[in-house]
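This briefing is meant to be read alongside the sequence and the 3D view. Please keep both open, and look up each residue as it is mentioned.

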Amino acid sequence: MTVGRVSRSGTPAVVAHRGASGSAPEHTLAAYELALAQGADGLECDVRLTSDHHLVCIHDRTIDRTSNGTGIVSEMSLAQLRDYDFGSWHSGTPASVLTLEELLTLALDWRRPVRLFIETKHPVRQGSLVEVKLLEMLRRFSVASPPSADHSRAVVISFSSSGVWRIRRHAPMLPTILLGDTARVLGGSAATAVGATGIGPSIETLRMHPELVDKAAAAGRVTYCWTVDEQVDVQLCADIGVRWIATNHPAQVRDWLVTV
Ligand code: G3P
Ligand code: CA
């Protein structure tokens, strides 16, 4: 099956999930540079706070799966995290832990505009401090008050409705996406309640409930779908009007989207 350039609501944009993480170790500079070189429209990352309150791009609560070390991210300082290798487990190429500051710098300095989808993880021991520190950083980079959601270089995404609400309350122009893996959450009033500008269903949820996209659009919200690595799912997303597709294979998904 091929995916045509023209879909009902326009071609979805491609977001590199944890970077081009199908080809390079997730959340490393190499994974994001590869995604940008492959033409990704957006980059997704998960952020957590270190014990000394630096935002780092790490998915899990611990570093055990993605580094040669062990330990809980929130109990380690940035300097401690820098002692470990976050690349060799995947590809044999060593890589340092990536800070959000480094990723923002890469994304904002890139030769064409790309959007950064920043996921705050909850529950965490620092609670709302994650959003406080994130907003501080986005303000420092002058991306916390975009002229409109469409022109924003940053989007804050979270499974936590409280996390989304904290961003909405303090940075009302920043786009936000409430993630979820059930239609009950995303098809109900949760996104409205926290003022999210988009919903973020998993592809498994969207396969069962494609009507979520139209429902969100009727309420003025876009749909961001994760993690879309199969061609048939890319086709589905294009057909039903998903705006953003997060994938571990951005080059492949882009190819599928331009094949007529
Ligand atoms: O982009 C949203 C998606 O990343 C949520 O799931 O577990 O991969 O962070 P997870
Ligand atoms: Ca994520």
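**Two helices, a calcium site and some cysteines**

In helix α6, the residues Gly163, Val164, Arg166 and Ile167 are buried. Seen down the axis of α6, these buried residues fall within an arc of 160 degrees, so they line one face of the helix. The model described here is a predicted one, and the points below take up its helices, its calcium ion and its cysteines in turn.

**Helix α6**
- The buried residues of α6 are covered by elements that include α5, β5, β6 (176-180) and α8 (190-194).
- As background, an α-helix has 3.6 residues a turn, so residues three or four places apart point the same way.

**Helix α5**
- Helix α5 has 12 residues, running from 129 to 140, and at 1.5 Å a residue it should span 16 Å, which agrees with the 16 Å that separates its end C-alpha atoms.
- Its buried residues are Val130, Glu131, Leu134, Leu135, Met137 and Leu138, and because they cover an arc of only 165 degrees around the axis, they lie on the same side of α5.
- Those buried residues pack against the strands β2 (42-49), β3 (55-57), β4 (115-120) and β5 (154-158), and also against the helices α4 (100-109) and α6 (161-170).
- After α5 comes Ser142, which has a positive phi, near 60 degrees.

**The calcium ion (ligand 2)**
- The protein donors of this calcium ion come from Glu44 (OE), Asp46 (OD), Asp46 (OD) and Glu119 (OE), and they lie 2.2 to 3.1 Å from the ion.
- Along the chain, the donors of the calcium ion follow the spacing E-x1-D-x72-E.
- Around the ion there are 6 donor atoms, and the angles they subtend range from 44 to 169 degrees, which makes the arrangement irregular.
- Are Glu44 and Asp46 buried or exposed? Both of these residues are buried.

**Cysteines**
- How many disulfides does the structure hold? The number is 0.
- Cys45 is in no disulfide, and the nearest cysteine sulfur, which belongs to Cys57, is 4.4 Å away; a disulfide would need the two sulfur atoms to be within 2.5 Å.
- Cys45 has a relative accessibility of 0%, and therefore counts as buried.
- Cys225 is likewise in no disulfide, with the sulfur of Cys237, the nearest cysteine sulfur, 4.2 Å away.
- Because its relative accessibility is 0%, Cys225 counts as buried.

Methods: Residues are numbered from 1 along each chain as its sequence is written. Chains are lettered from A and ligands numbered from 1 in the order in which they are written. This is a predicted model: local features need pLDDT of at least 70, side-chain atom pairs count only at pLDDT 80 or more; totals for chains, interfaces and linings use all residues. Side-chain values use heavy atoms; hydrogens and water are left out. Helices (H or I, at least four residues) and strands (E, at least two) are DSSP runs, numbered from the N terminus. The expected span of a helix is 1.5 Å times one less than its number of residues. Buried means under 20% relative accessible area, exposed over 50%, partly exposed in between (1.4 Å probe, protein chains only). The arc is that of the directions from the helix axis to the C-beta atoms. Contact means heavy atoms within 4.5 Å. Donors are N, O and S atoms within 2.8 Å of the metal (3.2 Å for Na, K and Ca); water is not among the atoms, so sites may look incomplete. Four donors count as tetrahedral if all angles lie between 85 and 135 degrees; four count as square planar and six as octahedral if opposite donors are over 155 degrees apart and all others between 65 and 115; anything else is irregular.
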